[in-house]
Amino acid sequence: MNEENQKSKERLEILKKIDEYELEGKFDVDVEEDPPTIALTKDVDYLNKKVTSKINTSIANIAGKKFLKKIIKEKALIIKQISGIENLNNLESGAIITCNHFNPFDCFSIEYMFEKSNKSKSHKLYKVIREGNYTNFPGFYGFLFKNCNTLPLSSSTNIMEKFLEATSQILKDKNYILIYPEQSMWWNYKKPKPLKDGAFKIAVKNDVPVLPVFITMKESDIVGNDGFNIMEYYINIEKPIYKKDGISQKEAIKHMKKENYATWKSVYESFYEIPLTYTTKKEILDKYSSIIG
């Protein structure tokens, strides 16, 4: 049987779509169909002040840890190496953790990384998620999305004000917030994508560093249910990026974003031993020149 015929048609379509989106410069658009977004209409208990929130979060965190152990044991998630853990261990404040987004399980990789650090016993890791994943994701994953120290974004201005208040308190308490600044998830995409401002706005506003994490990968010899080899992850924790003094907030945000991208680019080129290039049409790529250089 032809090898391509053994591979999931859905996955092959996703890879084709990624090629198309890279060519068109649609870096911030998801390639997979998410459940339709249902808008948040009620306030979110971002800081778990309610008893019911505390209980659900406790249950979700226990369930999440069990699930993480399970997928590692079954080699559905293979974390080959964590480098630079000292860059997390040595932080004296809260921080925004940025990471490239290429698989639903990459969030569990960051959870695993955090558990291996010296921060996990006395600090918390929160995760910013899209509105639809919080309001309309089914089953077990939906339960985790709602309760596992998650911070949903919202199309409501009032709720977003509460979101920003919560992130400020979380960072003030020296906790950590994971944000995917690329905005989109592209399955097994190895390159860093242009970044959005959000993560860096929160960091600048709260005068905390950004800790850039870039996950690189190699194929294992294990074939998954979709017919593709499961990837081995190498988690690269780089040096924190601090707000630059003596410049405006707008310039500080731009500086942090550009430094983050440059760090990811350096890790990519060092690990894969190739220069970072895109297939994107030149006239489209030019608009990203201030970010990607």
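This tour visits three loop residues in a predicted model.

**Asparagine 48**

Please begin by selecting α2 (9-24) and α3 (51-73); asparagine 48 lies in the loop between them. With the backbone displayed, inspect the phi angle of asparagine 48, which is near 55 degrees. This value is positive, and the residue is not a glycine. Is asparagine 48 buried or exposed? Its relative accessibility is 15%, and because buried means under 20%, asparagine 48 counts as buried.

**Asparagine 103**

Next, select β2 (95-99) and α5 (106-115), and move to the loop between these two elements, where asparagine 103 is found. Asparagine 103 has a relative accessibility of 12% and therefore counts as buried. Display its side chain together with the backbone of phenylalanine 105: the side chain of asparagine 103 reaches the backbone nitrogen of phenylalanine 105 at 2.8 Å. Which residues does asparagine 103 touch, if those up to four places away in sequence are not counted? Select Met185, Trp187, Asn188 and Tyr233 to show these contacts.

**Lysine 174**

For the final stop, select α8 (157-172) and β5 (176-179); the loop between them contains lysine 174. Here the backbone again merits inspection: phi of lysine 174 is near 65 degrees, a positive value in a residue other than glycine. A surface display may then be switched on for lysine 174, whose relative accessible area is 41%. Since the partly exposed class lies between the 20% and 50% limits, lysine 174 is described as partly exposed.

Methods:
Residues are numbered from 1 along each chain as its sequence is written. This is a predicted model: local features need pLDDT of at least 70, side-chain atom pairs count only at pLDDT 80 or more; totals for chains, interfaces and linings use all residues. Side-chain values use heavy atoms; hydrogens and water are left out. Helices (H or I, at least four residues) and strands (E, at least two) are DSSP runs, numbered from the N terminus. Buried means under 20% relative accessible area, exposed over 50%, partly exposed in between (1.4 Å probe, protein chains only). A polar contact is a pair of N or O atoms within 3.5 Å; within protein, one must be able to donate a hydrogen and the other to accept it, and residues adjacent in sequence count only if both atoms are side-chain atoms. Contact means heavy atoms within 4.5 Å.
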